[in-house]
Amino acid sequence: MSDQVKQIIRQTVLQMLTDSTSQKNIRKMAEKHANKVHFVPIRYRIIGGILQGLNIKFGNFIEHLLRNIVEADTGIKVMPDSGKKIKLFFTQETDSLIDGYITERQLPNSPDDCSKPFAQLLDRILEIENAATNEQRQGITKDVDGLFQTDNGMIVYTELKYNDDHDTGKFVDINRKFIKTWAGLAVRYRIRSKNELLPILYYFNPTKRYGPIYTPSQNIMRGSQLFDRFLHISYSDVDKYLSDIGDDPDILAIFDKMYNTVRNHQL
């Protein structure tokens, strides 16, 4: 793994820790717990709150890190919209079509394999949008987690997630947003065939919780799969560095300082 990627990981982790363990954040945590009756001493509740916050931030950190890794990789071309919140446009017909697809996939008689319905959905979206005018489309702002182009010209849109561990409602929302963002990107990049814009729902951790209910298996990648297919950077190198970075002296020093600050804080 390049020193550039190591530096990206290390600096992002250090910044996240510095913000979470600052005097300002500790005071905020102390005020939050000051009037709560609990058998756990307040100093340990503060530490627990900081650690819980870091755990939540880590998911966002992974998404940010993956965007930076893709940008640093020499084997692909990062598109200007990658990692940005942009306004995308598609028709009300497409919007309703996607909502209907999500609902249908929840019905008991819906086929287990969603490959054919999903492919038909994408084809129908392109059919609708290629026949529509700009006046018929409505705008909606979406986060484009990852967008890059391969050597053969195919554009790859990736919805990046740390873990496949979301609750049922959130999982539905992720897939809905994933498909609607693809539809908007298809309009934006004047896509004529679904093979020109590949949608990938990517989980950094390989653990599987949900099956291919809304998105077929060929459009879901986990762990090393995205790296193996598209990137020159090794997934195992990134994974190992993330596992080892907790032993970095600078990071250990931040946690030690945070513990001492909370312990000595006038609560």
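The points below concern the nonpolar cores and the sheet of this model, which is predicted.

1. The largest nonpolar core holds 45 residues, and those with the most contacts inside it are Ile-9, Leu-65, Tyr-202, Phe-227, Phe-230 and Val-238. Two or more residues each are given to this core by helix 1 (3-20), helix 2 (23-33), helix 3 (42-72), strand 5 (155-161), strand 6 (197-203), helix 7 (225-230), helix 8 (235-244) and helix 9 (249-264). Helix 3 supplies the largest share, namely 11 residues.

2. Phe-227, one of the residues with the most contacts inside that core, touches a set of residues that can be listed once its neighbours within four places in sequence are left aside: Leu-66, Ile-69, Tyr-202, Ile-233, Ser-234, Tyr-235 and Val-238.

3. A second core, separate from the one above, comprises 34 residues, among them Leu-121, Ile-125, Ile-191 and Tyr-203.

4. The sheet is open and is formed by 5 strands in the order 1-4-5-6-7, with mixed pairing. Strand 1 (77-78) and strand 7 (220-222) each have a single partner strand and stand at the edges, so one side of each is left without a neighbour in the sheet.

5. Within the sheet, strand 5 and strand 6 are paired in the parallel sense over 7 bridges. Lys-161 stands opposite Tyr-203 of strand 6, and Tyr-203 is also included in the second core.

6. Helix 6 (residues 168-188) lies across strand 4 (146-149), strand 5 and strand 6, and the angle at which helix 6 runs to strand 6 is about 155 degrees.

Note on methods: Residues numbered from 1 in each chain as written. Predicted model: local features only at pLDDT ≥ 70, side-chain atom pairs only at ≥ 80, totals over all residues. Heavy atoms only, no water. Core = buried A, V, L, I, M, F, W, Y, C linked by side-chain atoms within 4.5 Å. Buried < 20%, exposed > 50% of the residue type's maximum accessible area, 1.4 Å probe, protein only. Helix = DSSP H or I, 4+ residues; strand = E, 2+ residues; numbered from the N terminus. Contact = heavy atoms within 4.5 Å. Pairing = 2+ DSSP bridges. Axes fitted to C-alpha atoms, helices over the stretch in contact; angles between N-to-C directions.
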